[in-house]
Amino acid sequence: LGAKIPALLAHPDWKTPAPAAIWMHGRTVSKEVDPGRYLRWVRAGIAVCAVDLPGHGERKEVALQSPDRTLEVLAQMVAEIDHVIESLADPRWQGAFDLNRLAIGGMSAGGMAALRRLCDPHPFACAAVEATTGNLSALYYSGTARPRPPAHPPEHVRPLDAMQHIETWRPIPLLAMHSEADRMVPFDGQRTFLEALRTRYVAAGADTRLIELVTWPE
């Protein structure tokens, strides 16, 4: 797709315009990691566009899979999301992807990219994220993540930290899923982000019930 972004595309029938979800995987894996999720969506009538993060999957670069390079991966992926949208609008798909009913989401690093993209003007109708955080500062500086994340200067984290750009978030339905025992991306940081996001929804006159949080203990 777009700027040579590898993608896995799935559609309920490839004939009827269907709501679609752009999904981004986590660090060190690939777009093929989530077949059960994609199958459930297709069976529910939702088309799928799962993309490889920079340096992953079909554009593998081992160096980019290092935790030291996560911010670089996030910055590139956030910038590429609009290329993905443009590609889904290509006439070759004959309108199979309904861009008026477009969702975005991701797991871990993919979710971080999704949450940051949602802080800027966008066409998305809803979002879903799992095992991720919109509070990168808490992830990198709280000391609760294990293994400890690499040190990054605040000026490198801030542009990619959704928490730092929350005032420009447009309220949409958001599903957030997280294990309370997650030590790679601790839940406390995401909980703080969601609390701040609810405050943003109130300020914008939106229903905080648009934000749904699902957690499990282990």
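How many bridges join strand E5 to strand E6, and how do the two strands run? In this predicted model, E5 and E6 (residues 174-179) are joined by 4 bridges and run parallel. Within this pairing, Ala128 has Leu175 of E6 as its bridge partner. Strand E5 is also paired with strand E4 (residues 97-107), through 5 bridges, and these two strands likewise run parallel. Here Met107 is the residue that stands opposite Glu130 of E5. The connection from E4 to E5 passes through helix H3 (residues 109-117), and the resulting β-α-β crossover is right-handed.

Both E5 and the crossover helix are poorly accessible by the computed areas. Of the 5 residues of E5 (residues 126-130), 4 are buried, so the strand is largely enclosed by the rest of the structure. In H3, 9 of the 9 residues are buried, and this helix is therefore also largely enclosed. The buried residues of H3 comprise Ala109, Gly110, Gly111, Met112, Ala113, Ala114 and Leu115, together with Arg116 and Arg117.

The loop between E4 and H3 contains Ser108. Its relative accessibility is 22%, and Ser108 therefore counts as partly exposed, the cut-off for a buried residue being under 20%. Ser108 is not a glycine, yet it has a positive phi of about 55°. Another non-glycine residue with a positive phi is Trp14, at about 60°. Trp14 is placed in the loop between strand E1 (7-10) and strand E2, and with a relative accessible area of 38% it is partly exposed. Most residues other than glycine have a negative phi.

The largest nonpolar core of the model consists of 53 residues, and the most contacts inside it are made by Met24, Leu136, Trp169 and Leu197. Helix H2 (residues 70-88) is the element that gives the most to this core, contributing 9 residues. A further core lies apart from it; this one has 9 residues, including Ala10, Ala21, Trp41 and Ala103. In soluble globular proteins, nonpolar side chains tend to be buried together.

The surroundings of Met24 were examined with neighbours within four places in sequence left aside. On that basis, Met24 is in contact with Val51, Leu53, Met77, Ile81 and Ile104, and also with Gly105, Gly106 and Met107. The remaining contacts of Met24 are with Gly110, Gly111, Ala113 and Ala114. Gly110, Gly111, Ala113 and Ala114 are among the buried residues of H3, and Met107 is the residue of the E4 and E5 pairing that stands opposite Glu130.

Ser30 is located in the loop between strand E2 (18-24) and helix H1 (35-43). With a relative accessibility of 18%, against a cut-off of under 20%, Ser30 counts as buried. Its side chain makes a polar contact of 2.8 Å with the side chain of Glu32. When residues up to four places away in sequence are not counted, Ser30 touches His25, Asp52 and Gly57.

In the segment before E1, Lys4 is exposed, with a relative accessible area of 75%. Lys4 and Ile22 are 18 residues apart along the chain, and their C-alpha atoms are separated by 16 Å.

Terms used: Residues numbered from 1 in each chain as written. Predicted model: local features only at pLDDT ≥ 70, side-chain atom pairs only at ≥ 80, totals over all residues. Heavy atoms only, no water. Buried < 20%, exposed > 50% of the residue type's maximum accessible area, 1.4 Å probe, protein only. Pairing = 2+ DSSP bridges. Right-handed = clockwise from strand over helix to strand, strands pointing away. Core = buried A, V, L, I, M, F, W, Y, C linked by side-chain atoms within 4.5 Å. Contact = heavy atoms within 4.5 Å. Polar contact = N/O pair within 3.5 Å; in protein donor to acceptor, adjacent residues only side chain to side chain.
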